[in-house]
Structures are given as C-alpha cells and as structure tokens.
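Trainee: I keep reading labels without knowing where they come from. Can we take some and ask what stands behind each?
Mentor: Good plan. Bring up the model and ask away.

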Amino acid sequence: MTQLQQIVTVSAQRGLNLQLALRGVLVVFVVATLTFLPPGVGGAASWWVAGGYVMAAIALTVWLRTGTRAALNWGWLGLYLDLAVLLTLNLIAQQSAGTTWTSYVLQSGFFLIPILAATQLRWGVCASVVIPTVALYALEVILTQRANENEPWPSIILRVVVLAGVGLAAVWLSRIQRSRVGSIRGLVDDRTRLLTELMTSTETEHRAMAENLHDGALQYVLAARMDLEDARDGTPDAEAAFDRLDDALTRTAQLLRSTVSELHPAVLEQSGLALAIGQLAATGAERGDLTVTVDTAGWPDDARTDQDRLLFAVARELISNVVRHAHASRMTITLALHDGRADLTVSDDGVGFTPGTAARKLSEGHIGVDSQRVKVEAAGGRFQVGNSDAATGSPASPSSSRRPGATVRVTVPLTRTDLTAGPPPQVG
C-alpha cells in the first residue's frame, strides 16, 4: 500500500468511526423515544423494528471496525438501513399521531441522516442518501399534518427547507473533505519527487560536473600538453606554441572557476546574487553557444536576502535547462528586487514549453525544474511557465517558422533584505 493509499484509508476509517458514533446516538434516540413516548398503536411492532435495528447496528459496528476494503467501500450502505428504520417507525407511529407524540419526535431523527452521510469522502454517495431523506421527511410530515392539529403549510415547508439546508451542507462538506484528500495527494506527489531528487541529485551533479570538466577544462589541458611537447621539441613555431599554451591554461582556469562558482554558494556571500547569476549566464552562453542578455538593473549589487540561495539554485537549473533542452539561440535573464519580493525571469527563443512537455520530462526522470517549482511554492512564491510569444502578446502565426520559446517567471517573498555590501570578492 502506497503512502497516499494509507492516507486515504486512514481518512475513510476516521469517517466510518464518526459514522458509528452518530449511529449509536441515533440508536439511543430511537430506544429512548419508544421507551418514554410509546406509540398508542403498534407498540410491539415498533419494538421488534427497534430490536432488529440494535442488532444490525452492532453487526455493522463490528464489520466496519475491521477496516477491510469491503467495509471502507460499502459501509455507506448502512445509511439506508438508518433511513429505512426511521421511516418504518414513523409509519407505525403515524397511526396514533393524534394521541401520542411518538411520530412527531421520531421525525427529528431524520436530521441525523445527512450528518451521518457527510462522513463519506464521496459526495455523490452523500447526495444519494440526502435526497431520499429530504423527500421521505417531506412525505412523512405531510401525512401527519392532520394528526398534528392541521399544522399550517408554512410550518411544513420551513421544516423541510431546514432539513434540505442541512443536507446541502452535508454534501458540500463531503466535497470539501474530498478536495482536501486531493490536496494531500498533490503534497504527497511533491514530497515523493523531492525525495527522489534528494536521492539522485548527488549522482546527477557529479555526472554533470564530470561532463563539464571533460568537455571543457580537460580538453584545454590536453591541448596545453600537446603545445608543451611542441615547445619542448624546439619546433620552429615554439613561440606560437607557448602562446597557445598560455591561452589554454587561461581558459582552463576560467572554466574551473565557473564550475566552482556553480557548485559553491559562497559566491553569493562574496559577490552577491546579481553577479553570481551573471557568471551562471556567462557559463551557459559559452556551453550552449547562446547570445545571453542579463538585466540586473533592478537588483542592487550589495543586496543580500534570505532567498539568495534558492534564487541561485533556480537560476542555475533554468539556465542549464535552456542549454540542454531548449535548442535556443538567445536567452534573456532578468532579476529585480522591489516591494519585499524578488522576481526572476528566464526566457529563450527555443522550442517552447507545454503541459505535455512537462509530463513527458517527468516520466523520463527529468525532475530538476519541477523540484525547483516545489521549493519556490514551499517558500510562498510563484513559479509560472509559459511560451515567450504568449508572454509578449505577439504569438507567432501558424505559417511562421519562428519558435514559441519559453518564459519562466519566479516570484519569491522576502522576509529579510540587507543592502549592506558583503566582503570584497577574492581574487582567484
């Protein structure tokens, strides 16, 4: 049984336990009514019905307490037993309604039926019990109108309306309970994805770092080694070999420094989020052969917030996603700070993004962007994904070869913002 199934089962069992408790109240109500206000006609028949109801209620309690799948799926049928018992007793007591109060008091028991039905997680089941309850109650009070000293029609209508209101509230409450289960399902799914990311993130980061080092720094090191051998052999172009060696080592240092900057969040404390994202953008531009525009004019260079690490991680994942999957030629990154919130926007002119794309990526195990969305929403922020054309209000025509692109907007509330400059950047 999955964790979600366990949660649904526990919720359903709690509903059944409440149903059993309320049924116990209804049993006591029926027995007490027959004891203190016995009907003038059909007393023996009423006690036979009440006795059978007590035995059936005990049997239902034993069965429902087992918590089996059958009990959880079909325990609601006991609600029709409650309704049938009340209707039968009212029909018997109706024969002496002119001389006893039995029928009038038993009619009050109908108000417990919708509350019993509200314990169900299926609002359709609740409605299937509430509707006949209201209809049969209306029929019962109409049949006993004369016995109740010709009860006026406004009184009858108001009583039925009140029960209908209770029934409507019960159905609505059942729907709310069901929606809460749906919300829990979403939270469990998000938690599962986060746990999956936690177990695989280290391996993924190691693989990505190995690929970056192999495709970047290592290639320059190998080229530098070849140039060094040429210079050592005293070839005519030794001077040019030294120049190439110097260039290769310089590029290697830059690539290693950018890799360290991506992995180590200390760059945030030293240089600030704006500069750190600028370095991520520069690295992404080089790896993906992109034209990148970075706009951090709305973010003070000396700003430090409590969400810097989150925004840095989100930007790193979004930039990496553009480089690896968007097939884009241009990328624009905007970072702004205003009114107690941070706004980060990453857009590109690539293949675009659709809900179907997201589902396919998740099924293939690509959970990076989705996990960042969960983290942003957990921090009280918003993570909005759409096509760049839709965002700019100028959708491409069907005949146009222009690709829709993608735009991701991230907004995160800030609880702490410092505009004091951090320590000066270290020269590496």
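Trainee: Why is Arg23 called buried?
Mentor: This is a predicted model, and the label rests on a computed value. Arg23 has a relative accessible area of 1%. Buried means under 20%, so Arg23 is buried.

Trainee: What makes Asp82 and Arg23 a salt bridge?
Mentor: Distance. Their side chains meet at 2.9 Å, N to O. The cut-off is within 4 Å, so the pair counts as a salt bridge.

Trainee: Is Asp82 buried or exposed?
Mentor: Asp82 is buried, because its relative accessible area is 0%.

Trainee: Which parts does this pair tie together?
Mentor: Asp82 lies in helix α4 and Arg23 in helix α1 (residues 3–36). The pair therefore ties together parts that are 59 residues apart in sequence.

Trainee: How many salt bridges are there by this rule?
Mentor: The count comes to five. Arg324 and Glu317 form one of them, at 3.5 Å, N to O.

Trainee: Why is Arg324 called partly exposed?
Mentor: Arg324 has 47% relative accessibility. Buried is under 20% and exposed is over 50%, with partly exposed in between. So Arg324 is partly exposed. Its partner Glu317 is buried, with a relative accessible area of 18%.

Trainee: What about Arg373 and Glu377?
Mentor: Their side chains meet in a salt bridge too, at 2.9 Å, N to O. Both residues lie in helix α14 (residues 368–378), four residues apart, about one turn of the helix.

Trainee: Why do residues four places apart point the same way in an α-helix?
Mentor: An α-helix has 3.6 residues a turn, so residues three or four places apart point the same way.

Trainee: How exposed are Arg373 and Glu377?
Mentor: Arg373 is buried at 18% relative accessible area. Glu377 is partly exposed at 39%.

Trainee: How do you know that the span of α4 is close to the expected one?
Mentor: Helix α4 (residues 78–93) has 16 residues. At 1.5 Å a residue, 22 Å is expected, and α4 reaches 23 Å from its first C-alpha to its last. Its buried residues include Leu79, Leu83, Leu86 and Ile92.

Trainee: What is the reach of α11?
Mentor: α11 also has 16 residues and reaches 22 Å, close to the 22 Å expected. Among its buried residues are Leu273, Ile277 and Leu280.

Trainee: What comes just after α11?
Mentor: Asp289, with a positive phi of about 55°. This residue is found in the loop between α11 (273–288) and β1 (291–298). Asp289 is exposed, because its relative accessible area of 69% is over 50%.

Trainee: Where is Asp339 found?
Mentor: In the loop between β3 (330–338) and β4 (341–348). Its phi is near 55°, a positive value in a residue other than glycine. Asp339 is exposed, at 73% relative accessibility.

Trainee: What makes the patch of negative charge?
Mentor: Glu239, Asp243, Asp246 and Asp247 gather there, on the surface. Asp and Glu count as negative, so the patch is negative. Glu239, in helix α9 (residues 238–263), is exposed at 63%.

Trainee: Which residues make the nonpolar surface patch?
Mentor: Phe36, Leu37, Trp101 and Tyr104 make a patch of about 490 Å². Tyr104 is found in helix α5 (residues 102–106) and is partly exposed, at 37%. Thr102 lies in helix α5 as well, but counts as buried at 1%.

Note on methods: Residues are numbered from 1 along each chain as its sequence is written. This is a predicted model: local features need pLDDT of at least 70, side-chain atom pairs count only at pLDDT 80 or more; totals for chains, interfaces and linings use all residues. Side-chain values use heavy atoms; hydrogens and water are left out. Helices (H or I, at least four residues) and strands (E, at least two) are DSSP runs, numbered from the N terminus. Buried means under 20% relative accessible area, exposed over 50%, partly exposed in between (1.4 Å probe, protein chains only). The expected span of a helix is 1.5 Å times one less than its number of residues. Patches are made of residues with over 30% relative accessible area and no salt bridge: like charges are joined within 9 Å, nonpolar side chains (Val, Leu, Ile, Met, Phe, Trp, Tyr) within 5 Å. Accessible areas come from the Shrake-Rupley method with a 1.4 Å probe; for residues, only the protein chains shown count as cover. The place of a charge is taken as NZ of Lys, CZ of Arg, CG of Asp or CD of Glu.
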